[in-house]
Amino acid sequence: MRIITTESYQEMSLEATKIVAGQVYLKPTSVLGLATGSTPEGLYDNLVAVHRTIGLDFSEVTTFNLDEYIGMAPENPQSYHYFMHKHFFDLVNVRPENIFPDGCAEDVPAACKAYDKLIREKGGIDLQVLGIGRNAHIGFNEPDVKFEATTHKVKLDDETIQANARFFEDEEAVPRYAISMGIKTIMLARHVILLANGPEKAEAVKKAVCGSVSPAAPASILQLHQDVTVIVDRAAASMLPEEYQHGAHEIF
Ligand code: F6R
């Protein structure tokens, strides 16, 4: 695990941009796993700028989204499908036949199985981008997750519902269920980058980077992944040991 602590959200987004852009430049047929939420917005803005200014080509890239609310139509502005189009896909030349978990699939277990199969058929995920929840979730893998789970239906934690209410009219409107890549699916990615910013993520980052590996803190499993880069701003790093609060370090 490598950790890069930056001075600001902008710098965190730039470090992530170097990694994702480098991946796509060196392997134009890369398979990317992508997260939604506030954290990666700066990364997506930067990738759009790199595409527009120096022509970084996404035409051969395949993308898989981490998660989607169940029962939410793709055209709903709160859907993750809509988010990805608005912030990224519609602004670069990723081909429209990108793949998402289908939040409206009638047979959810079959759709989940098909999703993992498709990831395998595309050669597996080269680079997975993750954010982290305040409860240390990754994707929608909430505390007490089963580490062996592949893509599956999840019930959202109350804490996640409260945190995501900011995107909806009120808390009641937040869907209770989602489809999420499982921990096993995420762990099969060849390289993972985990982004976090702000003081409200400090505790979760501490659990992910130096807590015990436990289903109680889903992101802690990343300590067992062979190639993870954690990129955090100073506020999100504030509960880490002093030496990790500046610069870049190999932790183990
Ligand atoms: C989003 C996802 C979630 C978010 C996490 C942080 O696709 O899988 O795990 O990454 O909830 O969300 P933000 O970035 O909004 O703080």
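In this predicted model, C112 is a buried residue, as its relative accessible area is 4%. C210 offers a contrast worth pausing on: its relative accessibility is 41%, and C210 therefore counts as partly exposed, since that class lies between the 20% limit for buried residues and the 50% limit for exposed ones.

Cysteines invite a further look, because a disulfide is a covalent bond between the sulfur atoms of two cysteines. A search of the whole structure, however, finds zero disulfides. For C112 the reason is one of distance: the closest cysteine sulfur belongs to C104 and is 13 Å away, which is too far for a bond. A pair of sulfur atoms would have to lie within 2.5 Å to be counted.

Attention now turns to the ligand. The space it takes is the largest pocket, and 15 residues surround the ligand. Among these residues, T39, D67, H137, G139 and K201 come nearest. Sorted by class, the shell is made up of eight polar, four nonpolar and three charged residues.

Several polar contacts can be followed in the structure, each involving an oxygen atom of the ligand. In T39, a polar side-chain atom lies 2.4 Å from a ligand oxygen. For T36, the distance between an N or O atom of the side chain and an oxygen of the ligand is 2.9 Å. G139 takes part through its backbone instead, with an N or O atom 2.7 Å from a ligand oxygen. Taken on its own, the ligand has 410 Å² of accessible area, and the protein covers 94% of it.

Methods
Residues are numbered from 1 along each chain as its sequence is written. This is a predicted model: local features need pLDDT of at least 70, side-chain atom pairs count only at pLDDT 80 or more; totals for chains, interfaces and linings use all residues. Side-chain values use heavy atoms; hydrogens and water are left out. A residue is near a molecule or strand if one of its heavy atoms lies within 4 Å of it. A polar contact is a pair of N or O atoms within 3.5 Å; within protein, one must be able to donate a hydrogen and the other to accept it, and residues adjacent in sequence count only if both atoms are side-chain atoms. Accessible areas come from the Shrake-Rupley method with a 1.4 Å probe; for residues, only the protein chains shown count as cover. On a 1 Å grid over the protein atoms alone, a cavity is a set of points where a 1.4 Å probe fits but cannot get out, and a pocket is an open set with protein on both sides within 12 Å along at least five of seven lines; lining residues have an atom within 4 Å of a point. A molecule sits in a cavity or pocket if more than half of its atoms lie within 2 Å of its grid points. Ala, Val, Leu, Ile, Met, Phe, Trp, Tyr, Cys and Pro count as nonpolar, Asp, Glu, Lys and Arg as charged, and the others, Gly among them, as polar. Buried means under 20% relative accessible area, exposed over 50%, partly exposed in between (1.4 Å probe, protein chains only).
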